[in-house]
Amino acid sequence: MALMWVKVRYFAIVRERLACAEEEFELPEGSHLGDLVAAMKARHSALGAMLPHVRLAVDEEFQTLEAALQDGSEVALIPPVAGGAAPPTRRA
Amino acid sequence: MTDAALAARCRLQEAPIDVTAVVGMVGGSFAGAVVTFLGTVRDQTGGRRVVGLEYEAYRSMAEKQFARFVGEVEARWEGVRAAIVHRVGHLEVGACSVAIAVASAHRAAGFEACRHLIERLKVDAPIWKREVYADGAAWVGWGS
């Protein structure tokens with residue numbers, strides 16, 4: 001199966017806890033955001049507890065786990081923002 | 001209004017905010033009012049003394065979101081023109097962290113549009129705030 005690469009960016013408290021600002025993941029072509037989240041959890045054990053509190057963006061747009069990924073997509077984990085309003089929960 | 005003209009009124013910067021310049025982005029002969037909102041750094045939160053703030057942003061997405069918010073208000077309130085400038089990096093107590101300006105023919109639309117912009121920004125702009133205390137620091141919005 002053909003593979004694709006996606007870039008993942010971490011910010012603020014997530015970046016600090018993972019000690020990582022950005023990295024790449026290799027996924028089968030046709031993968032969705034949910035598949036990437038599963039791969040991220042496998043790589044970072046600390047991520048599981050944080051995921052219910054973060055939103056996800058693909059190419060600078062908020063997305064749900066069903067969103068399709070392309071080769072070269074940029075995914076970002078968006079922890080609660082400065083306003084402090086409770087974000088919608090995303091389950092992985 | 002072109003997308004580029006709108007994008008020029010939506011930005012993040014390290015440098016201190018020149019409020020007069022932000023007002024200048026939106027004003028014009030069409031305007032009978034310019035409403036501004038300034039967010040400033042408070043010296044305490046929940047009784048704990050704050051000595052400064054660190055703002056971090058997903059800059060490209062934040063500027064895109066600002067443009068989306070401004071597009072929303074310019075579509076919803078006819079004839080308004082808005083700008084959002086937000087700082088990133090270290091801010092001292094008293095510094096201006098965000099400036100919003102809305103020009104309109106009449107004041108009512110300006111007040112409503114300005115309120116809409118700050119509320120949208122507080123929820124959907126990827127900008128994070130770390131409060132620095134005399135004895136530590138914490139990301140706002142995360143809990144513990």
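These are my notes on the cores and the sheet of a predicted model.

Ground rules first: in this predicted model local features need pLDDT of at least 70, side-chain atom pairs count only at pLDDT 80 or more, and totals for chains, interfaces and linings use all residues. Residues count from 1 along each chain as its sequence is written, chains are lettered from A and ligands numbered from 1 in the order written, and side-chain values use heavy atoms, with hydrogens and water left out.

**Cores.** I looked up the largest nonpolar core (buried Ala, Val, Leu, Ile, Met, Phe, Trp, Tyr and Cys joined through side-chain atoms within 4.5 Å; buried is under 20% relative accessible area, 1.4 Å probe, protein chains only). It has 36 residues, and A:Val8, A:Tyr10, A:Val14, A:Leu36, A:Met40, A:Leu69 and A:Leu77 touch the most other members. Chain A elements giving at least two residues each include strand S1 (3–10) and helix H2 (33–43); helices (H or I, at least four residues) and strands (E, at least two) are DSSP runs numbered from the N terminus. Apart from this core I found another, of 33 residues, B:Val50 and B:Ile118 among them.

**Sheet.** Five chain A strands make an open, mixed sheet in the order S2-S1-S5-S3-S4, where pairing takes at least two DSSP bridges. S2 and S4 (61–63) of chain A are at the edges with a single partner strand each, so one side of each has no neighbour in the sheet. S1(A) and S5(A) run parallel over four bridges, and A:Arg9 sits opposite A:Ala76 in S5(A).

How values were computed:
Buried < 20%, exposed > 50% of the residue type's maximum accessible area, 1.4 Å probe, protein only.
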